[in-house]
Amino acid sequence: MTRDDSPSLDYIRSLYAPQDALLTHIAQQLQAMGVPMQVEPEVGRLLQVLIRLRGVKRILEVGTLGGSSAIWMARALPEGGTLVTINKDAPHIALAKESFAACEVGHRITMLEGDAHHMLPTLADAEAFDMMFIDADKISYNDYLDWAEAHLPKGALIVADNTLLGGKLPLDGPQYRIAPTTRANMLRFNERLADRARYDGTMVPTQSGLSIAIKLF
Ligand SMILES: C[S@@+](CC[C@H](N)C(=O)[O-])C[C@H]1O[C@@H](n2cnc3c(N)ncnc32)[C@H](O)[C@@H]1O
């Protein structure tokens, strides 16, 4: 695990994941809004490499925030590739709209405004998504995985951020300030993705935990 302020992390970021003016601007806006919860640059870069390794063409994201991860991913798509992202909070939607309008690959991105529980069932052609990135309310990760299992094709890539709940799992106790239901839900989510009969996956030990799995059924 690498701490956020480590020299090695700075080195990795400067070598592989420098942020351009747009991503830097979004990060500053999120800091000012008090919600700096976007993917770290090295995770954005990892998402890009995964997209290219798997030849991903159509991505579904749950949890847009200011649009950082969507922009990282959309930039890795081939010509004609598309990304649909779902978000429910008005201030985040407003910032993401600005971000996508300013982004050179914003035309690849469609944002759906509303709660993912309501938006997912409305998606036409759901089986055409070959990647899903889950990065929204932690309590609902199993709901999103239920949807993915029912709709995504065999071979689809499922990636989920913060699956160690900020580095706290599997620790337990009031000092860690994790609601027992959130903890139980995330443990269950991780057990599901670790089932080798159904997924080929692993978790990258980033500070918050990044799960990566290929759907085998
Ligand atoms: C961790 S942030 C996403 C960060 C973003 N993926 C990035 O890296 O730039 C979580 C986002 O999910 C949104 N969210 C939480 N619960 C949601 C739900 N049930 N439906 C849709 N969006 C939700 C929040 O409003 C917030 O913008």
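How many helices and how many strands does the chain have? Please keep in mind, as we go through this together, that what you see above is a predicted model. The chain has eight helices, and alongside them there are seven strands. The radius of gyration is 16 Å, which is close to the 17 Å that the globule rule gives for 217 residues, and therefore the chain is as compact as a globular protein of that length. If we take the principal axes as our directions, the C-alpha atoms fill a box of roughly 40 × 40 × 35 Å.

Let me turn to what is inside and what is outside. Of the 217 residues of the chain, 50% count as buried, and the area that the chain exposes is about 10,500 Å², with carbon and sulfur atoms supplying 55% of it. When we consider the contacts in the chain with a separation of 6 or more, residues 24 or more positions apart account for 70% of them. As for charge, the chain carries 21 positive and 26 negative charges, and the mean positions of these two groups are 4 Å apart.

One helix deserves a careful look here, namely α4, which spans residues 68-76 and is mostly covered, since eight of its nine residues are buried. Among those buried residues you will find Trp72, Ile71 and Met73, together with Ser68 and Ser69.

Now I would like to move on to the backbone, and a general point helps first. Most residues other than glycine have a negative phi, and most peptide bonds are trans. With that in mind, which residue has a positive phi of about 60° although it is not a glycine? That residue is aspartate 125, and you can find it in the loop between α6, residues 116-119, and β4, residues 131-134. Because its relative accessibility is 46%, which falls between the 20% and 50% cut-offs, aspartate 125 counts as partly exposed.

Leucine 165 also has a positive phi, in this case near 50°, and it is likewise a residue other than glycine. Leucine 165 is found in the loop between β5 and α8, and its relative accessibility is 10%, which is under the 20% cut-off, so leucine 165 counts as buried.

Finally, where does proline 170 lie? Proline 170 lies in the loop between β5, residues 157-161, and α8, residues 180-193. The peptide bond that leads from leucine 169 to proline 170 is cis, with omega near 5°, so to speak the last stop on our walk along the backbone.

Definitions and conventions. Residues numbered from 1 in each chain as written. Predicted model: local features only at pLDDT ≥ 70, side-chain atom pairs only at ≥ 80, totals over all residues. Heavy atoms only, no water. Helix = DSSP H or I, 4+ residues; strand = E, 2+ residues; numbered from the N terminus. Rg over C-alpha atoms; globule rule 2.2 N^0.38 Å. Buried < 20%, exposed > 50% of the residue type's maximum accessible area, 1.4 Å probe, protein only. Contact = heavy atoms within 4.5 Å. Areas by Shrake-Rupley, 256 points an atom, 1.4 Å probe, with all protein chains shown as cover. Lys, Arg positive; Asp, Glu negative; His and termini not counted. Charge placed at Lys NZ, Arg CZ, Asp CG, Glu CD.
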